Amino acid sequence: MIQVVWFKRDLRTFDHAPLTEAAARGPVLPLYVAEPDYWRLPDVSTRQWIVQRAALEELSQRLSALGAPLIVRVGRVVDVLERIHSAVGIARLLAHEETGNLWTFRRDIAVRAFCKHHRIAFQEFSQTGVIRGPGARDRWAAHFSRFASATVATEPVRLTAVEAAKVAPLPTAETLGLGDDGCIAPQSGTRQAAFDLLDSFLEGRGANYRRGMSSPLSGATACSRLSVPLATGAVSVREVLQRLYAARRALVDAPPGLRAVPVTAVDSLIARLHWRGHFMQKLESEPALEIRAFHPVHQGARTPTAPDDARLAAWATGRTGVPFLDACMRSLIATGWLNFRMRAMVQSFASYHLGLDWRASGERLAQLFSDYEPGIHWPQVQMQSGQTGINTPRIYNPVKQGLDQDPEGRFTRRWVPELAHVPLASLQTPWLLTGADLGGYPEPIVDVATAARSAKARLTALRSTAGYREASRQVFEKHASRKRRIDDDNPRRRPTQRKPAAPSSTQLSLQFDEPSPPVD
Ligand SMILES: Cc1cc2nc3c(=O)[nH]c(=O)nc-3n(C[C@H](O)[C@H](O)[C@H](O)COP(=O)(O)OP(=O)(O)OC[C@H]3O[C@@H](n4cnc5c(N)ncnc54)[C@H](O)[C@@H]3O)c2cc1C
């Protein structure tokens, strides 16, 4: 009888409690199953497999060096386990908990049932700081703090392999039926990449973190870029946080003139990693959030968007005729990454200006993100689409964002080369130029200002529906952070009570209750 350690989105040997625990008890079969049914889902994509595959190669080398090579199989996990069990007998299956999409949620239920049926001990370990199941919100902050500062599981000194296990190569994208998805420069999600990113951030790249993160131009280097290795699990969020806590202590002790990055930059990054756990807890507590709106009134008002909807296609391919919006989408298609503010803007435009169902646009975005993390993604998609009833809805104005975040037009011209010759003054509003040759660039598919006004009117009407406030209160009870808003300038400063948002003609915001994540 053997022990199987099942790797999923935790492709590392450090801070890997299931591996450390199994290694202490006897021979280990480290298993990864590439599941073709998963890779056919509409929210996953080739770019995610490419990132995952490189992290698997790195993991495989490390496991071989420790003495037990990674055993890779292609198929349904339950079928693979069934075969191993009939061949050698599985005594224990060890894995990390996963807050994945509905498909992996159901897959994990099937694995649990399989283990129960065959009397295999199935041991799951926490790795993201979420509390399993619903009803966790009151205990969350204290739990996450304990989780983040708990001892990192040491890498096993050596592993004893299971003799009978045959090593097979990692499948290619083609084997899994995945074609070219237009990503020309996917970011690496390996452990090596994670520590290179952390080092460069702390050695100076992070100096411009808080100023540079809002623009897609500066954000690409100013942001931590840790989302991809965090999504593969090549590094754990606890490892990252503990490195940042230590760096913070050293910075505080250093004379201000000798600090490579300001303490506030490290605090900001720590705060974001806490919000990562906070968002993942929402999906963990309510897995159906991937397909059902937080708020029942918004759920009732939804109209499905057909997969071949022309507006959805224009938005997803960067051909809406709104230059900065299209530049962001085209850049995302090519690189697999976009900064937070621009992710919020493209999602908000799809839901508010174009009136598309958040599920349809959210699925397209998930495919385009090489850091797709369902627990962050679906709650964020809903939040940026005004579906929660407890957050301040923000209707981003893509013209204003273009002027603010790309004041010289470099980003827009790079990704929308049809407009390279358009004068800066008209770059974000080329439709106002009469008789200009726009090189085939489309007319805007909506009037930005009118569409925003209609969206605001729709929201206001929904908010006056009977029972809206009571339902919001229930969403708040289940999902909201129990902390009051933390000032992003200094997360250690006393939390401040949020002031009502000032009405604005260009950037709509309505006042609700939950404190927002750090705003960039
Ligand atoms: C509509 C929408 C969808 C998103 N989908 C994803 C997703 O699938 N995967 C993903 O990792 N992030 C997602 N985000 C959150 C955020 O945009 C990315 O984490 C960030 O842009 C990644 O770049 P970075 O690692 O340089 O982040 P940094 O800004 O340097 O932040 C560091 C880390 O903190 C976490 N984080 C940052 N901002 C947030 C936030 N607002 N909420 C929760 N966690 C946060 C991430 O783990 C990130 O890697 C989404 C945001 C929006 C608005």
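## Around the ligand, then over to a pocket

Start with the ligand: it has 27 residues around it, and Tyr 209, Ser 224, Arg 225, Ser 227 and Asp 371 come nearest. Keep in mind as you look around that this is a predicted model.

Now zoom in on the ligand's oxygen atoms. A backbone N or O atom of Arg 225 lies 2.7 Å from one oxygen atom of the ligand, and Leu 226 also places a backbone N or O atom 3.1 Å from a ligand oxygen. Arg 343 uses its side chain instead, with a polar atom there 3.4 Å from an oxygen atom of the ligand. On its own the ligand would expose 830 Å², and the protein buries 99% of that. As for where it sits, the ligand is in the largest cavity.

Who builds the shell around the ligand? Helices α10 (227-232), α12 (263-285), α16 (340-353) and α18 (374-383) each chip in at least two residues. Of these, α12 gives the largest share, 6 residues. By character, the shell splits into 15 nonpolar, 6 polar and 6 charged residues.

Next, hop over to the second largest pocket, which has a volume of about 330 Å³. It is lined by 17 residues, and those nearest its centre are Ala 301, Ser 351, Leu 356, Gln 387 and Arg 458. Two or more lining residues come from each of α16 and α22 (448-463), with α22 giving the most, 4 residues. So what's the mix in this lining? You'll find 7 nonpolar, 7 polar and 3 charged residues.

One helix ties the tour together: α16 supplies at least two residues to the ligand's shell and two or more to the lining of the second largest pocket.

Technical notes:
Residues numbered from 1 in each chain as written. Predicted model: local features only at pLDDT ≥ 70, side-chain atom pairs only at ≥ 80, totals over all residues. Heavy atoms only, no water. Near = heavy atom within 4 Å. Polar contact = N/O pair within 3.5 Å; in protein donor to acceptor, adjacent residues only side chain to side chain. Areas by Shrake-Rupley, 256 points an atom, 1.4 Å probe, with all protein chains shown as cover. 1 Å grid on protein atoms, 1.4 Å probe; cavity = no way out; pocket = protein on both sides within 12 Å on 5 of 7 lines; lining within 4 Å. Sits in = over half its atoms within 2 Å of the grid points. Nonpolar A, V, L, I, M, F, W, Y, C, P; charged D, E, K, R; others polar. Points joined across faces, edges and corners; volume = space filled by probe spheres on them.
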